Amino acid sequence: MARILVIDDHDTLREGMAVTLTRSGHTVTAARSGTDGVAAYKKTPFDLVVTDLKMDGLDGLAVTRTIKSLDPAAVVMVVTAFGTIETAVQAMQQGAYDFITKPFTPDVLRAKVEKGLELSSTRRQVERLSARTEALESDAASAHGNLLVGDSEPMQRLVGMVRKAAATDATVFVRGESGTGKELVARMLHQLSPRKDGPFIVVHCAALAETLLESELFGHERGAFTGAVKRKLGRFELADGGTLFLDEIGEIPHSVQTKLLRVLQEKEIQRVGGEETLKVDVRVVSATHRDLQAEVKAGRFREDLYYRLHIVPLQLPPLRERPEDVAALARYFVAKHAPRVNKRVKGLEDSALRALARYAWPGNVRELENVIEQSLVFAEGETLSETDLPQHLASATSRTDAGLPVPMGDRPLPDILEDLERQLIARAYEKAGGVKTETARLLGIKTSALYYKLEKYGFISKGERPEES
């Protein structure tokens with residue numbers, strides 16, 4: 001069944017075409033003028049448009065031109081009298097796919113329409129595949145890899161839970177501090193699930209304003225808002241048949257929470273600015289570093305949405321709670337980055353591993369990866385030594401020591417002060433559980449200044465820093 005728009009100012013012909021196509025099993029909308037037809041298409045795109053050429057007001061040529069500007073993938077067929085075939089050819093030059101000459105039988109109309117619908121289906125598939133490929137390529141650029149590295153008891157317990165959850169289609173909620181690998185868990189859930197051959201689509205909720213987030217999730221029609229110059233497919237549509245990962249779900253505004261709840265309940269969406277309801281088959285995995293139960297109590301997060309998301313909860317342990325995994329992760333990151341950054345380096349010396357083990361890693365696995373990549377840039381030998389590591393790691397005290405190290409040696413005072421500043425930020429960042437606004441509050445500085453410091457000292461990558469307004 002397809003959705004077809006019939007535009008003709010001749011009542012008998014318009015109604016005849018509508019009846020014929022309705023009996024063929026299609027849903028038909030009939031418009032008595034070109035203006036009404038274009039208005040109908042703006043509300044809800046159709047699979048096929050059949051329009052007469054000679055009409056008062058907006059004629060078939062203008063209808064074709066306008067609809068193709070609204071939706072380049074639209075399939076338009078024009079109806080013309082025998083004497084105006086030259087005009088029909090002009091319509092095809094402006095984007096119409098075919099024409100049909102009057103008079104015609106119902107069988108001829110049905111045959112022409114079926115060919116048009118085949119073309120429409122092909123174009124829509126190409127549109128979806130192109131958008132999905134673009135989304136996958138964008139998300140792959142920020143992926144951390146395909147493995148959860150670590151043999152510690154907490155990690156083995158987590159992997160076991162991931163495997164069990166992956167076998168089901170249940171909604172999964174992943175909680176953990178920033179940098180612990182929540183997206184990696186989501187990717188593993190997808191790869192081990194029956195949906196593994198479908199798409200894996202990521203939405204970073206905290207990085208988008210409310211209006212942009214709604215468009216990103218559900219898509220929009222052309223003209224839905226300023227800047228919407230063409231139709232965009234939402235991430236739910238792109239993830240159809242696969243998995244959608246909503247990172248930092250605790251950051252989404254209340255209005256979007258309401259619409260997300262409806263999607264989880266009804267398994268259907270509406271694009272922004274559109275009226276068509278679309279069914280989607282998507283498994284949702286969400287993640288946050290926030291305490292969502294506290295957010296629910298504070299009225300900032302919907303309780304019903306919380307329970308919809310919280311079917312299978314998974315908690316990621318911070319790196320400080322599994323220090324035995326530091327060495328394995330460090331070796332993994334050397335193998336991952338050395339071929340690109342410094343091909344000479346093949347491993348790590350014991351002195352470097354001991355220094356890494358002494359450190360508390362408030363930025364978790366992401367901070368460790370940043371440290372290894374930074375060390376590779378300056379390393380001159382075939383293995384990373386303690387001297388190749390950033391200064392704050394080489395001089396770090398035991399992870400159980402609550403005090404700051406006493407600066408020793410003849411180092412310049414600016415270097416000593418920078419070291420102390422770095423460790424004060426590390427302690428505050430750890431105490432705040434990786435929440436940047438809380439870290440800034442503890443330190444008594446602006447959040448923008450904190451992002452600069454976190455980036456400077458390698459806690460976060462440059463891409464995580466929010467754009468300045």
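**Backbone and burial in selected elements**

At 12% relative accessibility, Glu 248 counts as buried, because the cut-off for a buried residue is a relative accessible area under 20%. The model in which this residue is described is a predicted one. Glu 248 lies in the loop between strand 10 (243-247) and helix 10 (254-266), and its phi is near 55°, a positive value in a residue other than glycine.

Strand 10, one of the two elements that flank this loop, is mostly covered, with five of its five residues buried. The burial concerns both faces of the strand, since Thr 243, Phe 245 and Asp 247 are buried on one side, while Leu 244 and Leu 246 are buried on the other. Strand 10 is joined to strand 7 (residues 200-204) by five bridges, and these two strands run parallel; in this pairing Val 202 stands opposite Phe 245 of strand 10. Strand 10 is also joined to strand 13 (residues 283-288), here by four bridges and again in a parallel arrangement, with Leu 246 standing opposite Ser 286 of strand 13.

A positive phi in a residue other than glycine is also found at Trp 361, where the value is near 55°. Trp 361 is placed in the loop between helix 14 (350-358) and helix 15 (364-378), and at 0% relative accessibility this residue counts as buried. A further backbone feature concerns the peptide bond from Lys 102 to Pro 103, which is cis, with omega near -10°. Pro 103 itself belongs to the loop between strand 5 (98-102) and helix 5 (106-140).

Helix 1 was examined for its length and for the way in which its residues are covered. At 1.5 Å a residue, the 13 residues of helix 1 (residues 11-23) should span 18 Å, and the end C-alpha atoms are 18 Å apart, which agrees with that expectation. The buried residues of helix 1 are Arg 14, Met 17, Ala 18, Thr 20 and Leu 21. These residues cover an arc of only 165° around the axis, and therefore they lie on the same side of helix 1. An α-helix has 3.6 residues a turn, so residues three or four places apart point the same way. On the other side of helix 1, Thr 12 and Arg 23 are exposed. Helix 1 is followed by Gly 25, whose phi is positive and near 100°.

Terms used
Residues are numbered from 1 along each chain as its sequence is written. This is a predicted model: local features need pLDDT of at least 70, side-chain atom pairs count only at pLDDT 80 or more; totals for chains, interfaces and linings use all residues. Side-chain values use heavy atoms; hydrogens and water are left out. The expected span of a helix is 1.5 Å times one less than its number of residues. Buried means under 20% relative accessible area, exposed over 50%, partly exposed in between (1.4 Å probe, protein chains only). The arc is that of the directions from the helix axis to the C-beta atoms. Two strands pair if DSSP finds at least two bridges between them.
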